[in-house]
Amino acid sequence: MGLSRRQACACPVSALALEAPAKLNLTLRVVGRREDGYHLLESTLVLLELADRLLLASGCSGLRVEGEEAQGVPVDPENLAWRGLVAGHGGTPNSACLTVEKRIPRAAGMGGGSSDAAAAWRLARAHRGAAEEASRADLDELAAIGADVPFFAAGAAAARVSGIGERVEPIEPRARFVVLVHPPFGLSTAEVFADLRADEWGRRTNDLLAPARRLRPELDDLFRAVSEAGGAPELTGSGPTIFSLVDDPQRAAAVVDRLATSGVRARMTRTRSSPAAIERIAEEESHVHP
């Protein structure tokens, strides 16, 4: 297949580029469990300006992962972006070179891998001239890659999501500034769900907060730090990323500065008013160098 983290995809043709935004779960309720073990969810999701960036070019084949958050991202057929590309092509592509620039931390509860999968799926569809709009059948198929993939593929900046992630109801996005706190550790979504107790379903804004705190008690200290810095801390998804919605950029910047002073890794971003659009890159700009 030619998958490689180091080998460049130098393709002498035009390319397609697309941002793969991070997401926040503003709410996440567990409402049941299917016989196959999958939990049934009700969640409100929004897209963020923070995003990975994908580049798809033809004329060669392979996967390249680079960027400040590339460490630990698999470069093999199980890479979610590659799986999304295969799903969008309807099979393993013979002449499609995919480059993923990672900016979203992995295992952070922000859907970086799922967003990459949806973006690669959209790029593959555009590459072969198929309709970019996702059908209900497409969303059902994409849910097999990851629960958040249908949301990212549905073309909504904000949505209510239910089932195992395949039911996506777009809602009107609201512009907000966001403070993100990135703990120095990750959390496995599977482990968080495994630690979730049935009596914790439907009890919180995010039902995964309790098991996440049991697995990582350090989250309690970070919640206190955000509160003391002037924020209102919430956990996104299975964590461990903590977020705080803020009314204006000056206040958000002040919260970030206070957190940085106390040694906490934080940044400011904002919600998106619309999903990212595919860009066509000219031939001379489409080369990726090692």
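In what follows, Ala, Val, Leu, Ile, Met, Phe, Trp, Tyr, Cys and Pro count as nonpolar, Asp, Glu, Lys and Arg as charged, and the others, Gly among them, as polar. The structure is a predicted model.

**Exercise 1.** Describe the largest cavity and the character of its lining.

*Solution.*
Step 1. The count of cavities of 30 Å³ or more comes to one. The space in the largest cavity is about 90 Å³.
Step 2. Its lining consists of 14 residues, of which Glu19, Pro21, Arg122, Phe152 and Pro275 are the closest to the centre.
Step 3. Two elements, strand 1 (15-33) and helix 2 (112-127), each give two or more residues to this lining.
Step 4. Sorted by class, the lining residues are 10 nonpolar, two polar and two charged.

**Exercise 2.** Compare the expected span of helix 8 (residues 249-261) with the distance between its end C-alpha atoms.

*Solution.*
Step 1. The expected span is 1.5 Å times one less than the number of residues.
Step 2. Helix 8 has 13 residues, so it should span 18 Å.
Step 3. The end C-alpha atoms of helix 8 are 18 Å apart, which agrees with the expected value.

**Exercise 3.** Determine how the buried and exposed residues are arranged around helix 8.

*Solution.*
Step 1. A residue is buried when its relative accessible area is under 20%, and exposed when it is over 50%.
Step 2. The buried residues of helix 8 are Ala252, Val255, Val256 and Leu259.
Step 3. These residues lie on the same side of helix 8, because they cover an arc of only 100 degrees around the axis.
Step 4. Gln250 and Thr261, on the other side of helix 8, are exposed.
Step 5. The cover over the buried residues of helix 8 includes strand 7 (177-181), helix 7 (218-228), strand 9 (242-246) and strand 10 (266-270).

Note on methods. Residues are numbered from 1 along each chain as its sequence is written. This is a predicted model: local features need pLDDT of at least 70, side-chain atom pairs count only at pLDDT 80 or more; totals for chains, interfaces and linings use all residues. Side-chain values use heavy atoms; hydrogens and water are left out. On a 1 Å grid over the protein atoms alone, a cavity is a set of points where a 1.4 Å probe fits but cannot get out, and a pocket is an open set with protein on both sides within 12 Å along at least five of seven lines; lining residues have an atom within 4 Å of a point. Grid points are joined across faces, edges and corners, and a volume is the space filled by probe spheres set on the points. Helices (H or I, at least four residues) and strands (E, at least two) are DSSP runs, numbered from the N terminus. Buried means under 20% relative accessible area, exposed over 50%, partly exposed in between (1.4 Å probe, protein chains only). The arc is that of the directions from the helix axis to the C-beta atoms. Contact means heavy atoms within 4.5 Å.
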